[in-house]
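Please read the numbered points below with the structure open beside them. Each point takes up one topic and can be checked in the viewer.

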Amino acid sequence: MSASLINLAVHGIGRPARALDPGEEERWVSVEQFEQVLDIVTERDDVHLTFDDGNASDVEIALPRLVERELIAEFFPLAGRIGQRGSVDSDGLRELARAGMTIGSHGWDQRDWRRLDGRHAHQELEVAPQVLGELCGELVERFSLPFGAYDRRVLDRLKRAGATRVYTSDGGVAHEERWLQARIELPHDLDQCWIDDTLSITAGLYRRVGRAAARFVGFAGI
Ligand SMILES: [Zn+2]
């Protein structure tokens, strides 16, 4: 059995430099919250960081803090937003790649991949990684799913497009060697309590049983 790990999905950090889509603020964290997470990631080799959407904060806020801590992460920009206000530009993309970060694809334009016609499927799953690859100078063959949305057809299309790894937003623990990787999204109200709860899920069955038992006893005592 492969080792279990936790994949975290970061969207934006700090003050957004563009108008957010509806609901997007739910997944936007402050610099302080992000640094709280980094402190844990630095100490744990079973917690992996990924970044979706290609927000400018990837390069402006995340990159220097990752480099300072000698951490490697994966970035999944939207190819159609490269160079737009509030998003990473092609220099930023190259900077990420030069720093040893992996560049994957989040598609072209944040579409639900379950509802793509043939033309858009081509743009989202084939053109987007190709364009990102040309911009960053590396082969782009990993994907993260917009909205975490997928079905059997999406996964088949990704396999045909040559995806070597696909990140969902399903939550819970992932397994190192699997093609499909579950992730947990950072919420806007993340605090130390969220970090403790979320990152304790790989800390072993004994501890989880202990916590559940403690809660049960506490509840029964009321
Ligand atoms: Zn997204």
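1. Burial of Arg18. Arg18 counts as buried, because its relative accessibility is 14% and the cut-off for buried is under 20%. The model is a predicted one, and this applies to every point in this note. The partner of Arg18 is Glu24: the two side chains meet in a salt bridge, with 2.6 Å from N to O. Glu24 is buried as well, at a relative accessible area of 3%. Both ends of this salt bridge are therefore buried residues.

2. The chain as a whole. The chain has seven helices and 11 strands. It contains 222 residues, and buried residues make up 47% of them. Of the contacts in the chain with a separation of 6 or more, 66% are between residues 24 or more positions apart. One example of distant positions in sequence is the pair Glu60 and Gly14, which are 46 residues apart along the chain, while their C-alpha atoms are 9.8 Å apart in space. Glu60 belongs to helix α2 and counts as exposed, at 59% relative accessibility.

3. The salt bridge between two helices. The structure holds 13 salt bridges. In one of them, Glu35 pairs with Arg65, and the closest N and O atoms are 2.7 Å apart. What does this pair tie together? Glu35 lies in helix α1, residues 31–43, and Arg65 lies in helix α2, residues 57–68, so the pair ties together parts that are 30 residues apart in sequence. Both residues are partly exposed: Glu35 has a relative accessible area of 28%, and Arg65 has one of 21%. The value for Arg65 is 21%, so Arg65 does not meet the cut-off of under 20% for buried.

4. How α1 and α2 pack. Two packed helices are described by the angle between their axes and the distance between the axes. For α1 and α2, the axes come within 11 Å and cross at roughly 30 degrees. Angles under 35 degrees count as roughly parallel, and α1 and α2 are therefore roughly parallel to each other. The crossing of α1 past α2 is right-handed. On the α1 side, the contact is made by Val31, Phe34, Glu35 and Leu38. On the α2 side, the residues are Ile61, Ala62, Arg65 and Leu66. Glu35 and Arg65, the salt bridge pair of the previous point, are thus among the residues that make this contact.

5. A salt bridge within one helix. Asp156 forms a salt bridge with Arg152, and here the closest N and O atoms are 3.7 Å apart. The cut-off for a salt bridge is within 4 Å, so the pair is counted. Both residues lie in helix α5, residues 152–160, and they are four residues apart, about one turn of the helix. Asp156 is partly exposed, with a relative accessible area of 31%, whereas Arg152 counts as exposed, at 54%. Salt bridges can also be linked into a network, as they are for Asp112, Arg114 and Arg115.

6. The zinc site. Which residues coordinate the zinc ion? The donors are Asp53 through OD, His106 through NE2 and Gln110 through OE1, at 2.0 to 2.4 Å. Their spacing in sequence is D-x52-H-x3-Q. His106 and Gln110 are both buried. Asp53 is buried too, with a relative accessible area of 2%. Water is not among the atoms, so the site may look incomplete.

7. Backbone angles to check. Asp53, one of the zinc donors, is found in strand β4, residues 47–53. Asp53 has a positive phi of about 85 degrees, although it is not a glycine. Phe147 is another residue other than glycine with a positive phi, near 60 degrees. Where is Phe147 found? Phe147 lies in the loop between β7, residues 142–144, and α5. Is Phe147 buried or exposed? Phe147 counts as exposed, because its relative accessibility is 54% and the cut-off for exposed is over 50%. Asp53, by contrast, is buried.

How values were computed. Residues numbered from 1 in each chain as written. Predicted model: local features only at pLDDT ≥ 70, side-chain atom pairs only at ≥ 80, totals over all residues. Heavy atoms only, no water. Buried < 20%, exposed > 50% of the residue type's maximum accessible area, 1.4 Å probe, protein only. Donors = N, O, S within 2.8 Å, 3.2 Å for Na, K, Ca; no water. Axes fitted to C-alpha atoms, helices over the stretch in contact; angles between N-to-C directions. Parallel < 35°, antiparallel > 145°, perpendicular 65-115°, else oblique. Left-handed = near helix turned anticlockwise from the far one by under 90°. Contact = heavy atoms within 4.5 Å.
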